[in-house]
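Reader: Could you take me through this structure one question at a time, and explain each term when it first comes up?

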Amino acid sequence: MMILGVGLLALIAVSAFVIVRTDDVTNQLLALGFYGLLFALMFFLFQAPDVALSQITVGAIALPLMFMLAITRMKHHGELKAERKTEKRDE
Amino acid sequence: MSEKRRLLLFLVGAVGVAAVYCAGIRNMPPWGTYRGPYGDVIASLAVFQRHATDTVNAITYDYRGFDTLGEEFILFSAVTGVMLLLRPETKEKRRRATEGENPASFRDSAALSETVQVFTTGVFGFSVLFGIYIGTHGQLTPGGGFQGGVIIAAAPMLLYVAENFEAFHRILSHPLMELMEALGAAAYAVVGLIALAFGAPFLTNVLPLGKTGDVFSSGTIALISALVGVEVAAGFMLVTFEYLREILSRQKNEED
């Protein structure tokens with residue numbers, strides 16, 4: 001049990017490091033989802049199935065999804081702003 | 001500050017943190033020990049006092065129900081904040097006034113591959129059913145309203161992944177979800193107020209407790225759990241709805 005727990009904690013640490021070192025945002029969000037799943041496993045292992053259930057849905061699905069949606073929105077916002085700038089310069 | 005100096009500063013800090021950390025974990029109890037008395041006390045009392053076999057939900061929705069009320073309103077204000085930030089701007093408002101709020105006014109992406117469609121359509125019904133099960137059995141097994149609500153809210157997201165925003169929009173009504181979110185949050189507080197009418201403190205479990213192990217048992221625990229499920233499901237769906245609408249209408253605007 002202890003070996004399993006230590007291994008899982010080590011895996012979480014490694015995947016957290018991988019998230020930080022990933023350059024591409026989409027890959028980073030996928031890694032974040034995987035990290036959330038590992039967390040859910042950890043909660044289950046430490047006998048907190050209630051928290052594990054919410055962690056699966058919130059940490060592995062909802063959180064990366066919110067990030068993805070927010071980043072898409074920001075990208076559009078940035079593109080629009082850049083367009084307006086070039087329009088002004090042309091005038 | 002030069003690169004070398006910064007590294008030196010970091011090393012000094014890291015050594016300091018490592019020393020304090022090692023000193024801190026030196027006297028940690030062995031793996032898996034539990035020393036707090038409250039967990040054992042409540043685990044042995046909850047079944048008799050509240051007729052709830054899942055102690056965690058007995059704590060969140062009854063013994064510490066007031067804290068959960070606060071947490072629910074954190075989610076409520078977070079959803080309100082997102083809706084406020086993503087409210088339509090002037091240009092978008094004008095466009096919506098002329099074209100109406102029909103999904104045809106969005107530039108929608110085509111549906112994904114058939115494999116994704118078959119898989120997600122199969123999981124759709126399962127996720128709604130599983131969400132309802134988890135939400136209504138919180139007092140008996142691990143789960144509860146929050147978990148159930150989030151699982152239900154994942155169903156329309158699956159539909160969006162399988163089809164497109166039009167399909168998402170077709171099964172969800174924005175005003176209805178706003179109403180459900182507000183009602184879910186308000187009903188929690190109202191359940192707490194019912195206790196006052198019986199002369200008991202706020203959020204006391206005054207409903208009949210029923211038979212332990214039944215779905216309709218444990219009094220207000222099951223009721224509050226279901227209400228939280230309604231609020232959470234509506235809240236998460238609203239946030240997704242707002243983001244998708246905002247992104248897709250922006251894409252449309254750029255095309256015009």
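Author: Helices (H or I, at least four residues) and strands (E, at least two) are DSSP runs, numbered from the N terminus. This is a predicted model, in which local features need pLDDT of at least 70 and side-chain atom pairs count only at pLDDT 80 or more, while totals for chains, interfaces and linings use all residues. Residues are numbered from 1 along each chain as its sequence is written, and chains are lettered from A and ligands numbered from 1 in the order in which they are written.

Reader: How many helices does chain B have?

Author: From the N terminus on, the elements of chain B run α-α-α-α-α-α-α-α-α-α. Chain B has 0 strands, and its number of helices is 10.

Reader: What is the radius of gyration of chain A?

Author: Chain A follows the pattern α-α-α along its sequence, and its C-alpha atoms fill a box of roughly 70 × 25 × 10 Å along the principal axes. The radius of gyration is taken over C-alpha atoms, and the globule rule is 2.2 Å times the number of residues to the power 0.38. For a compact globule of 91 residues one would expect a value near 12 Å, but chain A has 19 Å.

Reader: Why does the distance between the end C-alpha atoms of helix α1 of chain B agree with what it should span?

Author: The expected span of a helix is 1.5 Å times one less than its number of residues. Helix α1 of chain B (residues 3-25) has 23 residues and therefore should span 33 Å, which agrees with the distance between its end C-alpha atoms, 32 Å.

Reader: How many residues of α1(B) are buried?

Author: A residue is buried if 20 or more other C-beta atoms lie within 10 Å of its own, exposed if 12 or fewer, and partly exposed in between, with C-beta atoms placed from the backbone. In chain B, buried residues make up 32% of the 256 residues. α1(B), however, is hardly covered, and among its 23 residues the buried count is 0.

Reader: Which element gives the most to the largest nonpolar core?

Author: A nonpolar core is a set of buried Ala, Val, Leu, Ile, Met, Phe, Trp, Tyr and Cys residues joined through C-beta atoms within 7 Å. The largest one has 52 residues, and those with the most contacts inside it include Ile224(B) and Phe236(B). With 17 residues, the element that gives the most to this core is α10(B).
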